[in-house]
Amino acid sequence: MNLRRIGADFTIVFRSYARNPVALFFSLIFPIILIGLFGLIFSAAGSTSTTIYVVNDDHGSEPSHAFLAALNETKVVSVQLVQVNASDLASWLGKNDKPVGLVIPDGFGAAYDSNASVNVTIYTDPLDAADSGAALGAVQEVVNEFNLGHIQSTCGGGAGCKPVVGVSTALVGSPVYRYIDYLIPGLVGFSILTSPMFSLVDVSSSYRKEGIFRELSLTPLTRSEWLTSRVLWYVGLTFVSAGIMIGAGVFLFGAHVTLTLGVLPFLVVGPFFFVSLGMLCGSVARTPESAALIGNIVTFPMMFLSGTFFSVSSFPPTLQAFAHILPLYYVIDGMNQVMLFSNTGRALTDLAVVAIGAIVVFVLAVRLFRWRDE
Amino acid sequence: MPAAVEVEGLVKRYGTLAAVDGIRFEVAPGTVFAFLGPNGAGKTTTVEILEGLRRATDGRVRVLGLDPWTDGGEVHRRIGVIPQDFRFFEKITAKEAIEYYRALFGTRVDPWELLARVELTDKANARFDTLSGGQKQKLGLALSLTNQPEICFLDEPTTGLDPHARRAIWSVIRSLRREGRTVFLTTHYLEEAQLLADHVAIIHHGRIIASGTPEAIIREHGRAPRLRVQAPAALAERLHQELGVEARSDGRSIVVDLADKHDALRVLSAIDHSGLPWDSVATEEDTLEDVFVRLVGRMDDGALHQETPP
């Protein structure tokens, strides 16, 4: 590996790219359009009333009944009482495939009457953005109404009066997510996959056909140097496009993701993996046409089944099992872990899977990609 | 001084087809060697073996004393190549391309100097996809010189170019020779080979059918020099009877074969004394192209099969 040669080749890739407006558009602007499009489709869906499953631990109290009645009044949600322990509600909802639940804690009425703070807890399913959003909105609205009522009538409007009812949100032990929150890591993953794959599959076969590899093979540039400069370029491009996507997601579409440096390793190993994989696909093919076909066969399942647009956990079990053999799944899952769940342990496992895979595919690609015939 | 290129018993088979079938030749350092042959004769295969791009099936190949297949890296540092139909990254300018190659080879050539040398200075900042065929080929030539090679392999460098671009490339080839570099040229323009080459080898059906200086090949394989005179057919008859020379008429003029230069004087004097009307006189000699066409044609008729080396 010679840095001067890698640098020179990197410059060539950079210039070729920078002078190709279509490629730049697809790498940098297209994902933002996708964010907007998918965000719009999924947040506009469904306007019928949502059933909210309620555990009322404050059985007899007047305020709890009033609260639930007010919730029903909104017409946005309809209240359905369930007899499970409050602590089991999250798993009960999951098991029964119910999107939203609510817990009214023991002492809710007493707290309301005595001007003490109390929280109701709403459980939402981020995959069901429409129902979750509707329920969250309805609960929030009723809470506000309640607080207003409390301050004006129950408490008497005095200086010591304050809103007493708060909303805790929960999702099996984690905060609530909206669809857009999942969409950000998913689409960053989408562009980590598609940009290098489509380009490298095309480049590897067409450069061979046009004889450019033949010319390069007559220079001291080695195959691993050539591939390394591509990896570096796509890592850089991914940094920029992920930055734009996360920025657009957070500031334009109101996504809530943790902005952490923990995402950076995935922006490195992801492109590393897919540049190598694209090269590998192009190298095993004999013609540009068959290269494109192989590239598509490898790319398309990953585009949709790795948690890009839809969370893998919403898939039927067989499809979930299939998703677990897709490398992009680990890239996206890892980014979900660091950006949404702050689950470093699982993120590290994902990172290790992708990194080891990337090294294996890189070595295979360098081995199998020949720029001269026997 | 050892040969720049040595080839001995080289064979390249694709399946059962022998593209190159046991050829041998040597290229002396500092000379221009032209490797000629019709399309599909085995030219490009041979050149690619010399460049280390293909592996020989059998035989011994040395370029600068090295085996180009196993010592490819070292050979590539010391040779320059322009392939047939040179292609490059479309969005990269001519000057950037040279800077790229310079960095790859780690040499210190001045891009402007190289561009001037191939007469491409005015296109320094033009992207490759905007260059004409001739300009692309000139850039290919410039790139092949970035590492100041000891041998330049030019595979049909002027094919399809206009006469001006062709002459520009010729002048670079001549200057390379002046600098003491070896040039290995394949071409199917015989005129080009005759003009530039110190040594010519003609390959056909994977075998070398003629080899030597252009003059020697013409002498050995060409027809005798001829005198062409505008005169009636009767004069041909008269010359044959009087001097015993081969003379024939093609209607408008007669053609007389000349065994040596004294023949010309005897024939002219006999014409003058014949009393028959005659007009312009010209001598004709075979060019390399005539020889090439005859050799390749005869071989295709089967006549030369006996003459090929064992």
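User: Where in chain B does B:L64 lie?

Analyst: Happy to help! In this predicted model, local features need pLDDT of at least 70 and side-chain atom pairs count only at pLDDT 80 or more, while totals for chains, interfaces and linings use all residues. Residues are numbered from 1 along each chain as its sequence is written, and chains are lettered from A and ligands numbered from 1 in the order in which they are written. Helices (H or I, at least four residues) and strands (E, at least two) are DSSP runs, numbered from the N terminus. By that numbering, B:L64 sits in the loop between strand 4 (58-63) and helix 2 (72-78) of chain B.

User: Why is B:L64 classed as buried or exposed?

Analyst: A residue is buried if 20 or more other C-beta atoms lie within 10 Å of its own, exposed if 12 or fewer, and partly exposed in between, with C-beta atoms placed from the backbone. Because B:L64 has 20 other C-beta atoms within 10 Å, its class is buried.

User: What is the phi of B:Q148, and what is its sign?

Analyst: Most residues other than glycine have a negative phi. B:Q148 lies in the loop between helix 5 (133-144) and strand 6 (151-155) of chain B. Although B:Q148 is not a glycine, its phi is positive, at about 45 degrees.

User: Which residues does A:V284 touch, not counting residues up to four places away in sequence?

Analyst: A:V284 is in helix 10 (residues 264-284) of chain A, and it counts as partly exposed because it has 15 C-beta neighbours inside 10 Å. Two residues are in contact if their C-beta atoms, placed from the backbone, lie within 7 Å. Leaving out residues up to four places away in sequence, A:V284 touches A:I294 and A:L368.

User: Which element gives the largest share of the side of chain A that touches chain B?

Analyst: Let's look at where the chains meet: 21 residues of chain A are in contact with 21 residues of chain B. The elements of chain A giving two or more residues to its side are helix 1 (3-18) and helix 8 (212-217). The largest share, six residues, comes from helix 1 of chain A.

User: How many residues are in the largest nonpolar core?

Analyst: A nonpolar core is a set of buried Ala, Val, Leu, Ile, Met, Phe, Trp, Tyr and Cys residues joined through C-beta atoms within 7 Å. Among the residues touching the most other members of the largest core are A:I184 and B:F184. Helix 7 (residues 179-210) of chain A gives this core its largest share, 15 residues. The number of residues in the largest nonpolar core is 149.
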